[in-house]
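The following note sets out numbered points on the model shown below. It covers strand pairing, nonpolar cores, the surface and salt bridges, in that order.

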Amino acid sequence: MENIDNSMIKRIEEQFATPKDLNKRQISVFLKPETIEELDKSIEKVKEYSDKKITRNTMIELAVGNLIECIPIALKNYEEKNKSLKEEYDTVVFPCDETGVATFIRTKSWFYVRTDKNKIDNLKYIALYTAYPVQSITHYGVIDRYEPRDFNGKTKYIYYLKGEPIELAKPIPLGNINPQSTRSPRYTTLKKLKAAKEYADLAI
């Protein structure tokens, strides 16, 4: 009984006072026989403390009103839950040309790349996708730190690695997706990166 919705209790209690005139439209509601039986029992109990005309419609209106208020909360909870699931990324994949991986290995860094500032603090790993003719992800590294830089009036970032870049056991090929889709940073997880058989498998 402690878990009963207080807002519903409040609405029932409001029925004990003088009702207000409402503009109503008729609708049909089909309920199971056992539900109607329980509803009628509840109505009889409410009538013991009310001088109003309490009907099935009265109680159904209370339930519908409560439902309408609960739906936005349920939707918000759903959106927050799915948002958190989608944001379990810890890895970003940047595109590069044929010389990119060699630079990545030599400097132990990757620089002047744009990154969503709302996502950057989640990132622990950085990987590189090499464009044509390689068209594969071959290396990743552990992020030690990053620094923002102004680049032609836009904020871009330099990533410094913790240790040497790591070569994947198997390169991740482009697969059948459009190469244009690799031009923007791809946010994913290290788990997906290591398990991916092609670029599309990185999607969260």
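In which sense do E4 and strand E6 pair, and over how many bridges?

1. E4 and E6 (residues 166-173) pair in the antiparallel sense, over four bridges. Within this pairing, Ser136 stands opposite Pro173 in E6. Helices (H or I, at least four residues) and strands (E, at least two) are DSSP runs, numbered from the N terminus, and two strands count as paired if DSSP finds at least two bridges between them.

2. On the basis of the note: this is a predicted model, in which local features need pLDDT of at least 70 and side-chain atom pairs count only at pLDDT 80 or more, whereas totals for chains, interfaces and linings use all residues. Residues are numbered from 1 along each chain as its sequence is written, and side-chain values use heavy atoms, with hydrogens and water left out.

3. Strand E4 (residues 136-151) also pairs with strand E3 (residues 125-130), in the antiparallel sense and over six bridges. Thr130 stands opposite Ser136 in E4; Ser136 is also the residue that stands opposite Pro173 in E6. The hairpin of E3 and E4 has five residues between the strands, and Gln135 takes a positive phi near 50° there.

4. A further partner of E4 is strand E5 (residues 154-161), which runs antiparallel to E4 and is joined to it by eight bridges. Two of the paired positions may be named: Asp150 has Thr155 as its bridge partner in E5, and Phe151 has Lys154. E4 and E5 form a hairpin with two residues between them, and Asn152 in the turn has a positive phi of about 55°.

5. E5 pairs with E2 as well, in the antiparallel sense over three bridges. In this pairing Ser109 stands opposite Tyr160 in E5.

6. Which residues touch the most other members of the largest nonpolar core? They are Phe94, Trp110, Leu123, Ile126 and Tyr159, in a core of 17 residues. A nonpolar core is here a set of buried Ala, Val, Leu, Ile, Met, Phe, Trp, Tyr and Cys residues joined through side-chain atoms within 4.5 Å; buried means under 20% relative accessible area, exposed over 50%, and partly exposed in between (1.4 Å probe, protein chains only). Strand E1 (91-96), helix H4 (100-107), strand E2 (109-113), E3 and E5 each supply at least two residues of this core. Apart from it lies another core, of 13 residues, which includes Ala127, Tyr129, Tyr140 and Tyr199.

7. The surroundings of Leu123 merit inspection. Leaving aside neighbours within four places in sequence, Leu123 is in contact (heavy atoms within 4.5 Å) with Tyr89, Asp90, Thr91, Val92, Thr115, Ile143, Tyr159 and Tyr187. Tyr159 is, like Leu123, among the core residues that touch the most other members.

8. On the surface, Ile27, Val29 and Leu31 make a nonpolar patch of about 280 Å². Patches are made of residues with over 30% relative accessible area and no salt bridge, like charges being joined within 9 Å and nonpolar side chains (Val, Leu, Ile, Met, Phe, Trp, Tyr) within 5 Å; accessible areas come from the Shrake-Rupley method with a 1.4 Å probe, and for residues only the protein chains shown count as cover. Val29 is found in the loop between helix H1 (6-14) and helix H2 (33-47). With a relative accessible area of 45%, Val29 is partly exposed.

9. How many salt bridges does a search of the whole structure find? The search finds eight, a salt bridge being a side-chain nitrogen of Lys or Arg within 4 Å of a carboxyl oxygen of Asp or Glu. In helix H2, Lys41 meets Glu37 (3.8 Å, N to O) and also Glu38 (3.7 Å, N to O). Glu37 lies four residues from Lys41, about one turn of the helix, and Glu38 lies three residues from Lys41. Lys41 is partly exposed at 44% relative accessible area, as are Glu37 at 45% and Glu38 at 46%.

10. Asp144, Arg145, Glu147 and Arg149 are linked in a network of salt bridges. Within that network, the closest N and O atoms of Glu147 and Arg149 are 2.7 Å apart. Glu147 is partly exposed, with a relative accessible area of 22%, and Arg149 is likewise partly exposed, at 31%.
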